Each structure stands twice: as structure tokens, then as C-alpha cells.
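This report looks at a ligand site and at charged side chains in a single structure. Please keep the sequence and the coordinates at hand while reading.

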Amino acid sequence: MQQVNVGMIGCGTVGGGVLQALQRNSPLMASRLGVKLSVAKVAVRHPRKVRAVAIPPSLITTDWENVVADPRINLVVELIGGTTMARKIILHALSAGKPVITANKALLSAHGEELFAAAQEYGANLYYEASVGGGIPIIKVLREALIGNRITRIYGIVNGTCNYILTRMKLESADFADVLAEAQRLGYAEAEPSLDIDGYDALHKVGILASLAHGFWVNPKHIYVEGIRSISRLDIQFAGQLGYTIKLLGVVKRFDDLRFANDAPPRRKSRNSQIENRRSARVQVSVYPALIPNSHVLASVNHVFNAIYVRGDVVGDTLYYGRGAGPDATASAVLSDLADAALDLKCGSKSRIPPFVPHECDGAVLNMGEVLSRYYVRLSVVDKPGTLARIAAILGREKIGISSVIQPEGHEGESVPLILMIHDAPNAAMTQALEKIGRLAVVKATPRIIRVESFE
Ligand code: HSE
């Protein structure tokens with residue numbers, strides 16, 4: 001049986017998971033693939049470190065260049081994380097014509113365009129199933145299973161740490177800071193949690209999904225991001241009373257007709273007008289906490305689980321659910337890439353389905369100010385006649401419609417909560433209106449605003 005020799009660079013939690021999973025299932029994979037996968041070298045920084053999964057000493061090296069250069073190594077698995085060394089390693093391996101597997105979403109977000117161009121230039125594939133959604137095979141879904149669809153919507157719960165925190169805040173009526181501290185103690189949240197709770201990990205993942213779905217590279221700087229730091233127990237409680245659950249949502253929406261915008265700019269001209277079917281897509285790519293109707297399936301995705309909801313113009317709505325992180329889930333995704341890479345090597349395919357290619361769209365990311373959203377607004381106001389009229393007047397001047405107003409009972413004191421549900425309005429107009437509302441003397445705290453997702 002043909003053998004594919006794998007060089008691993010980095011062997012932390014995910015690498016250990018990959019070694020363990022291969023020990024368990026490589027005979028099964030060989031029987032399915034007709035190719036034997038064999039780990040031939042593992043490059044690590046600290047060879048004597050005690051690890052949860054032991055690396056056979058004969059495989060260990062501290063020299064990654066030696067792994068890439070070894071003629072016996074057929075493919076390279078990069079699992080060191082970070083963006084500097086990892087970039088160097090991947091470019092080095094691709095330029096040597098060796099396929100590369102990576103789980104590194106931060107790297108793909110920052111340097112994906114360059115890395116995929118290198119993969120094409122050198123005719124070596126770059127595989128990245130483990131970069132988004134852990135064990136959920138969402139890359140394969142978008143790249144292969146839904147290849148006959150124009151993707152119109154992606155809604156993703158793609159950060160397990162945030163989902164864990166929001167779930168516990170809801171179930172236990174707990175405060176953000178307390179749940180975060182507990183999550184750190186249990187090892188669900190990092191000691192430095194900013195990447196997760198400020199939305200950047202989700203941003204990396206959503207950018208990858210948007211690029212794949214829409215065929216143009218999404219610059220992370222163009223992705224709108226809001227994390228969950230300012231979500232309070234009160235918001236979760238009020239949202240619950242209104243029939244909603246708050247989730248950190250990655251949202252990718254494609255607009256062809258531009259009716260989404262208040263003041264739509266002219267459609268960009270295609271770079272290649274000779275390609276008749278070429279379209280111009282404007283895409284909202286964003287990460288923010290959102291109120292989700294409890295009747296929607298994503299509202300029931302709890303704790304550390306991830307789920308990605310994808311709408312295609314042929315297939316309709318589809319849902320992918322599973323563990324978004326952890327050594328086993330991520331190892332499962334790496335194994336899937338190992339199988340693809342092994343088959344591609346066996347068949348001599350340089351780009352069976354290209355890892356990422358610009359396709360029929362000239363695309364551009366929409367400025368968030370142009371996007372229409374529905375909103376939940378929580379104000380802390382003085383409870384006296386005329387307060388609501390002043391607030392409604394400001395919204396009216398911005399042409400923003402209120403769909404409902406609730407002043408929850410049982411709150412007394414100098415100020416009381418006032419909840420407004422707002423019809424679709426452009427984000428820029430809403431921001432302006434809220435600044436003005438926040439300056440009213442009857443408004444006693446910074447207005448809290450959370451978008452409401454209706455999945456239309
Ligand atoms: N930190 C991520 C999460 C897992 O909490 O989902 C790695 O992508």
C-alpha cells in the first residue's frame with residue numbers, strides 16, 4: 001500500500017490530539033483511502049517536555065527546516081499557532097511543493113491571500129478544515145458539498161468561549177465577570193481572554209468562511225466586530241422576557257440588489273466584462289452579539305458548542321453543529337485534511353478542488369453603516385411624562401421606526417429601564433440617533449444597543 005509520510009511542526013494540545021487519533025484510526029483510514037498515513041517527524045521547541053500524548057522519541061526534532069526539507073516527508077502539518085513563524089514555515093513548505101495542513105485561523109485571516117497565492121504558484125495545496133468550527137466540517141461543506149450553490153447567508157456561532165459564557169449567564173442569571181472568571185478556572189477561557197470575548201477569534205473564522213463563500217479575499221480590517229464584554233445580565237433577562245436569546249453571531253449576508261442600504265452606492269463594474277455571468281456581490285461580514293428568536297435553532301446551541309447555519313440558493317437552509325474546539329474535535333478536522341491530502345498525492349492532483357479561488361464575483365465588503373439591522377435598545381431613563389416623546393422625536397427625525405416599547409414593571413428609583421425594539425434601520429443612522437438620545441437629560445446611562453437577527 002502506498003504510504004504518505006507526514007511531518008508535524010508543533011505538537012501542543014491539537015498536535016497531541018492528532019497523534020492520538022492517528023494511533024487509534026490510521027488502519028481504518030488506510031483501509032478507506034488505500035493510502036497509509038505515517039507520522040515520520042515531529043518538530044517541537046521543547047523535546048523533553050512531558051506531554052499528555054507522548055511523541056515516539058525517534059520522531060522528535062527541534063529543527064522545523066529539517067522536517068520541511070526531508071525528501072521522505074510528503075506533507076507538512078503546521079500546528080504551532082501564531083502568525084510569524086507559522087507563515088514562514090508554510091511558505092517554505094509550499095515553495096518546496098509540499099502540501100500543507102493548518103488549523104491556524106489567525107494566520108489565514110492575516111495572510112490568507114498570500115498563502116493561497118503561494119499554494120497556486122507552487123502547485124501545492126493548502127488545507128485548513130480545522131481553522132473554523134473545530135470538528136464541524138464546514139470548510140468541506142462550503143468548498144465541496146455546496147459548490148453548486150450561491151451562498152446567500154451564513155450565521156455562525158463560532159466561538160465556544162463566548163457561547164459558554166452567554167449560556168451560563170442565561171441559565172444562572174449570572175454576571176459576565178463572574179462567569180468569565182469561572183470559565184478561566186475551568187480552562188474554557190484563556191487567561192488573556194480578549195481574542196475570544198472581544199470577537200476577534202470569531203472575526204478570523206467568519207472572514208475565512210466569507211472568503212470561501214464569496215470568492216474574494218476578505219480583509220480582516222473590513223470586518224465589523226463587537227464582542228460580548230458589555231452584555232449584561234439585565235439584557236439577557238429582558239431579551240428572554242421578549243422571547244429571544246443573546247448569542248455572539250458571525251453574520252455573512254450577500255446582497256445583489258442593494259436594497260439593504262439606505263443610500264446605495266453605484267454598483268461596481270466587473271473587472272472582466274467579457275465573463276457574461278460575472279456578478280458583483282456586496283457582502284456584509286460582521287461579528288456581534290445578537291438577539292435570536294427562541295424559536296430559531298441557533299438559540300438552542302449552548303455551552304461550548306458551535307453551529308453554522310448556511311443558506312444556499314439551491315439547497316435552502318442547512319445547519320452544521322458540533323464541538324468547535326478541543327483536541328479531539330480539532331484532530332478530527334486535521335484527519336479529514338490528511339485524508340484529502342493523501343488522496344490528492346495518490347492521484348497526483350494539484351488542485352482537485354482548489355483550496356480558495358476567486359470565482360464569479362467581483363466582491364466588496366459592505367460598510368456596516370450602510371447595513372440595515374433591527375435593534376433592541378435598553379435605556380435608563382427618568383420616569384416622568386414627556387421622556388418617551390423626546391426619545392421618539394429623535395428617532396423620528398432619523399426616520400427610524402419603533403416596533404415596540406416596554407417599561408418593565410417593578411423597577412423604582414431615580415431611573416428605570418426602558419426597552420425599545422426598533423424596525424430595520426441603517427447602522428449609521430441608529431448610531432447617530434443613539435448619541436443624541438444619550439445626551440438627553442432624562443437619559444441616565446449610556447444606551448445599550450444589541451442587534452436583533454430575524455434570519456430573513
Ligand atoms: N478559542 C476558540 C473558542 C477555540 O473559544 O471557540 C479555538 O478556535
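The text below treats a predicted model, beginning with the ligand and moving on to salt bridges and the surface.

**The ligand and its shell**

Around the ligand stand Lys105, Val158, Asn159, Gly160, Thr161, Asp196, Asp201, Lys205 and Ala325, a set that divides into two nonpolar, three polar and four charged residues. Two helices, α6 (160-172) and α9 (200-214), each supply at least two residues of this shell. Polar atoms of the ligand approach both side-chain and backbone atoms of the protein, as the table lists.

| Ligand atom | Protein partner | Distance |
|---|---|---|
| oxygen | N or O atom in the side chain of Asn159 | 3.4 Å |
| oxygen | polar backbone atom of Gly160 | 2.6 Å |
| nitrogen | N or O atom in the side chain of Asp196 | 2.9 Å |

Taken alone, the ligand exposes 260 Å², and the protein buries 80% of that area.

**Salt bridges**

Side chains of opposite charge can pair when their charged atoms come close. The model contains 20 salt bridges, one of which joins two residues of the ligand shell, Asp201 and Lys205. The closest N and O atoms of Asp201 and Lys205 are 2.6 Å apart, and both residues are buried. Because Asp201 and Lys205 are four residues apart in helix α9, about one helical turn separates them.

In helix α6, Arg168 and Glu172 meet in a salt bridge with an N to O distance of 2.9 Å, and these two residues, four apart in the helix, are likewise separated by about one helical turn. Arg168 has 14% relative accessibility and therefore counts as buried, whereas Glu172, at 45%, counts as partly exposed.

Helix α7 holds Arg185 and Glu182, three residues apart and so about one turn of the helix from each other, with their side chains meeting in a salt bridge at 3.3 Å, N to O. Here Arg185 counts as exposed at 61% relative accessibility, while Glu182 counts as partly exposed at 24%. Beyond these pairs, Lys140, Arg143, Glu144 and Asp340 are linked in a network of salt bridges.

**Surface positions**

Helix α7 (residues 176-186) also contains Ala181, which is partly exposed with a relative accessible area of 43%. The C-alpha atom of Ala181 is separated by 39 Å from that of Leu91, 90 residues away along the chain.

Elsewhere, Val297, Leu319 and Tyr321 make a nonpolar surface patch of about 270 Å². Within this patch, Val297 belongs to the loop between β10 (279-293) and β11 (305-312) and is partly exposed, its relative accessible area being 39%.

Note on methods. Residues numbered from 1 in each chain as written. Predicted model: local features only at pLDDT ≥ 70, side-chain atom pairs only at ≥ 80, totals over all residues. Heavy atoms only, no water. Patch = residues over 30% accessible without salt bridge, like charges linked within 9 Å, V, L, I, M, F, W, Y side chains within 5 Å. Areas by Shrake-Rupley, 256 points an atom, 1.4 Å probe, with all protein chains shown as cover. Salt bridge = Lys/Arg side-chain N within 4 Å of Asp/Glu carboxyl O. Buried < 20%, exposed > 50% of the residue type's maximum accessible area, 1.4 Å probe, protein only. Near = heavy atom within 4 Å. Polar contact = N/O pair within 3.5 Å; in protein donor to acceptor, adjacent residues only side chain to side chain. Nonpolar A, V, L, I, M, F, W, Y, C, P; charged D, E, K, R; others polar.
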